[in-house]
Structure formats: structure tokens, C-alpha cells
Amino acid sequence: MLFADRLNNVETSAIRELFKLLGKPGIISFAGGFPDSALFDVDGIRAASQQALQDEPGAALQYGATEGYQPLREQLAQFMASKGAQDVAPGNLIVTTGSQQALDLLGKTLINPGDKVIVEGPTFLATIQCFRLYGAELISAPIDGNGVKTDELEKLIAEHQPKFVYLIPTFGNPSGALLSLERRKKVLEMAVKYQTLIVEDDPYGDLYFGEAPPPSLLALSASVPGSRELLVHCGSLSKVLSPGLRVGWMIAPADLLANATMCKQFSDAHTSTFAQATAAQYLQAGRMPATLNKVRAVYAERAQAMGDALRKELGDAVEFVQPQGGLFFWVRLTGAGGKESDGKLLAQRAIDQGVAFVPGAPFYCAQADNATLRLSFATADVEKIREGVARLAKAL
Ligand SMILES: Cc1ncc(COP(=O)(O)O)c(C=O)c1O
């Protein structure tokens with residue numbers, strides 16, 4: 001079979017290989033990037049889907065508009081307003097099949113082979129793969145506990161004049177990092193100064209544990225003149241409600257949104273109308289605030305348990321910033337006391353001890369830090385988290 005040349009730019013994820021080992025009985029997994037299925041609001045989603053079939057069976061089961069089911073676009077605009085982005089009209093967003101599709105549509109509409117795109121180092125693996133499929137040359141901008149280092153980012157933008165910059169400012173995957181308010185403003189100012197498009201991917205922003213995080217770049221763009229026209233925001237119901245619904249959305253300048261809509265026509269015509277009608281009913285029924293409170297409380301407890309266990313069991317062999325939201329710990333092996341400092345080697349030994357996690361190196365598009373690990377606290381309960389970290393300490 002002669003495959004397209006674009007496939008030469010990508011390979012199947014190194015992480016997938018590890019996932020094959022997760023079937024081993026008794027394994028405690030910190031490896032997934034999933035929300036906990038035990039937290040799904042099954043009753044609420046059942047009621048919403050029944051309501052959708054009752055109120056508008058034709059629309060819920062028929063082909064629909066590529067831009068999205070209008071009642072859902074309206075609900076999503078209101079949802080964004082409740083999160084501080086007051087001026088999003090339903091026509092400023094399209095519904096996508098998960099935010100993953102929004103990333104793919106951005107690749108399709110913006111990336112020519114050889115175009116430069118700046119991403120965080122580390123960043124979401126599927127983004128790396130997706131943008132590379134379109135031939136992007138990815139450039140890695142370093143981060144710390146406060147998100148992307150804006151001084152470094154500015155140098156990279158000035159040097160490379162990228163097609164766009166892709167950021168996960170709020171509880172990033174895999175970093176868990178939270179971009180500070182000061183840096184958020186700087187990013188928007190830089191967008192205007194260099195006329196650079198910024199993509200804000202925000203599937204985790206609602207999953208905060210204590211205080212709400214600083215406003216999204218989208219919400220803040222109202223206070224930085226000229227930045228809104230240079231900003232794309234991707235949202236998703238996956239991490240807060242259900243990834244199986246495959247409901248995400250993209251807010252973007254009108255010309256970009258029109259081209260993305262055109263490309264979506266050739267991809268999947270539209271996101272499942274039944275899923276969209278269900279999501280619209282769910283939001284309209286006002287269930288989201290209670291759902292968010294519930295998942296935040298559970299994940300907060302688990303994140304606390306994981307941080308406590310890591311400090312207790314692994315001590316100075318690791319360093320990390322306690323995440324304030326999201327699903328992940330980003331941990332660095334220090335090698336202190338002669339302990340293992342290679343994430344990949346530790347991942348293999350950890351499986352033998354009955355615990356799985358993902359080594360950090362594949363999340364970098366360049367200059368990988370092999371001493372890093374991503375641990376998800378989302379799907380194991382507190383007891384399992386303690387046991388899993390104890391097993392990790394044995395593997396170390
Ligand atoms: C940063 C980031 N963006 C996008 C996605 C895609 O999510 P979905 O397509 O389910 O909305 C994920 C899922 O893991 C993610 O971590």
C-alpha cells in the first residue's frame with residue numbers, strides 16, 4: 001500500500017505501547033488521561049437525552065448544521081459567559097466532535113508543510129501528532145509551575161514568527177501547570193505586538209480545587225485591545241461531563257471559523273445531533289454547576305492524597321508542584337540518593353510492582369526531559385492512590 005507522505009511525519013504514540021500492559025490484573029493505573037466514569041451524571045444525562053427525544057426528536061436524530069445545533073450553541077455561549085467571557089455570541093462558536101476535532105480543524109485550515117508552530121514543552125501528545133500530520137515544524141517553549149515562560153516565548157515568537165502559538169494555560173496536560181494572571185496578560189499583549197495567533201486549549205479550566213483560576217485568555221482578551229481577533233479558544237465537555245458525548249467547541253475569528261466549518265463539512269458533516277441535543281438539554285436543565293462541584297470535590301481530595309503520598313513515600317527523589325486543578329501531577333525524578341532518574345525505565349519497573357504511569361518524554365516535541373513523569377489521580381480512589389504511590393516507591 002502506498003500511503004500519503006504526510007504519514008512520514010508521525011508515529012503511533014509511545015504511550016500506546018504502555019497501555020497494552022495495563023490489562024495486567026491488579027494494576028493500579030495513574031496512566032490514563034480520562035475522567036472517572038464513576039463520576040458521570042448518568043441520571044442527568046439519561047433525563048437530558050429523553051428530553052431531547054421528547055422535545056425535538058426530528059432534530060435530535062436528523063442531519064444537522066455543520067456549525068452545530070443552535071440550542072447547544074446558545075447554551076455554550078451562556079456557559080462561556082458564566083465563566084467570564086461575556087461577549088461570546090452563539091454565532092462566534094462552532095460545535096466540534098470533541099476539542100480534538102477543533103485541533104484537527106486548526107491544523108487543516110492553518111498549517112502548510114514547514115510552517116512553524118510554538119507549543120509548550122511539554123504539551124498534549126495528540127496535538128503534537130495532529131499538527132505534525134499537517135507538516136508543522138514544532139518549536140518547544142519551556143514552562144515552569146506558572147505555565148509557559150513568557151520571556152522565552154517572546155524570544156521564540158520574535159525569532160520564528162510562527163503561524164500560531166498553542167497553549168493549555170489552565171491545568172495543562174501533562175503539566176498540570178496554571179499560567180499566572182500576569183503571564184496571561186503578557187501572552188495577549190504579545191499576540192497584539194507580534195500579530196501572532198494564539199490558540200487556547202481549555203478542557204480542564206473548570207476542574208479547580210480551591211479558588212477559581214485566573215480568567216481564560218478568552219475572558220481576558222476583552223481588556224487587551226486587538227487581542228480578541230488573534231485568539232482561538234477550544235472548550236470541551238469531556239473532562240467535566242462525559243468524553244463519550246464527544247462535544248467540544250471552538251470560538252475563533254469569523255474568517256477562521258468559516259474555513260474550519262467548511263473543513264468540518266468534509267470531515268464529519270456535523271457533530272452527532274443526538275449528543276448535541278442531549279448536551280443542550282443538560283445545560284439548559286441547569287445541572288452543570290452541581291456536577292462541577294461534585295467532580296471538583298472528588299478530584300481535589302484525590303490530588304491532595306497523591307501529593308501527600310508522593311511527599312511521604314518518595315521524599316527528595318521527586319520534585320513537583322502541587323496542582324490546583326485538572327487531572328495530573330507532573331513529577332520530576334531528581335536522582336537523589338542514587339534513585340532512578342529515567343522516567344521510561346521507572347515506568348517499566350513500576351509495572352512489575354503493579355502500578356502504571358506515563359513517562360514524560362513523549363510529551364515534548366523537542367528537548368525532552370527524560371526525568372519526568374505524568375501521574376493522573378483521576379480514576380483511582382484515595383486508598384488506591386496511597387497504595388499505588390507506595391508501589392512506585394518500591395520501583396524507585
Ligand atoms: C489538552 C487537551 N486538549 C484536548 C483534548 C481532547 O479532548 P476531547 O476531544 O475529548 O474534547 C484533551 C484530552 O485529553 C486534552 O488533554
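**Figure 1. Ala 269 in the loop between α10 and α11 of the predicted model.** Ala 269 is found in the loop that runs between helix α10, residues 254-267, and helix α11, residues 273-284. The phi angle of Ala 269 is near 65°, a positive value in a residue other than glycine. With a relative accessible area of 29%, Ala 269 is partly exposed, because this value falls between the limits of 20% for buried and 50% for exposed.

**Figure 2. Gln 195 in the loop between α8 and β7.** Gln 195 lies between helix α8 and strand β7, the latter spanning residues 197-201. Gln 195 is not a glycine, and its phi is positive, near 50°. The relative accessible area of Gln 195 is 56%, so this residue counts as exposed, the limit being over 50%.

**Figure 3. Lys 108 and its contacts with residues distant in sequence.** Lys 108 belongs to helix α5, which covers residues 98-110. Its relative accessibility is 35%, and Lys 108 therefore counts as partly exposed. When neighbours within four places in sequence are left aside, Lys 108 is in contact with Tyr 134, Cys 263 and Ser 267. Lys 108 and Cys 263 are separated by 155 residues in sequence, while their C-alpha atoms are 7.3 Å apart in space. The side chains of Lys 108 and Ser 267 form a polar contact at 3.0 Å.

**Figure 4. The ligand and its surroundings.** The ligand occupies the space of the largest pocket. Around the ligand there are 13 residues, of which the closest are Ser 99, Asp 201, Tyr 204, Ser 236 and Ser 238. Helix α5 supplies the largest share of this shell, namely three residues. A polar side-chain atom of Tyr 204 is 2.6 Å from an oxygen atom of the ligand. In the side chain of Ser 238, an N or O atom likewise lies 2.6 Å from a ligand oxygen atom. For Arg 246, the distance from a side-chain N or O atom to an oxygen atom of the ligand is 2.8 Å. The ligand taken alone exposes 390 Å², and the protein buries 92% of that area.

**Figure 5. Two cis peptide bonds, each leading into a proline.** The peptide bond from Gly 121 to Pro 122 is cis, with omega near 10°. Pro 122 is placed in the loop between strand β3, residues 116-121, and helix α6, residues 125-133. Asn 173 and Pro 174 are also joined by a cis peptide bond, with omega about 10°. The loop that holds Pro 174 lies between strand β6, residues 164-167, and helix α8, residues 181-194.

How values were computed. Residues numbered from 1 in each chain as written. Predicted model: local features only at pLDDT ≥ 70, side-chain atom pairs only at ≥ 80, totals over all residues. Heavy atoms only, no water. Helix = DSSP H or I, 4+ residues; strand = E, 2+ residues; numbered from the N terminus. Buried < 20%, exposed > 50% of the residue type's maximum accessible area, 1.4 Å probe, protein only. Contact = heavy atoms within 4.5 Å. Polar contact = N/O pair within 3.5 Å; in protein donor to acceptor, adjacent residues only side chain to side chain. Near = heavy atom within 4 Å. Areas by Shrake-Rupley, 256 points an atom, 1.4 Å probe, with all protein chains shown as cover. 1 Å grid on protein atoms, 1.4 Å probe; cavity = no way out; pocket = protein on both sides within 12 Å on 5 of 7 lines; lining within 4 Å. Sits in = over half its atoms within 2 Å of the grid points.
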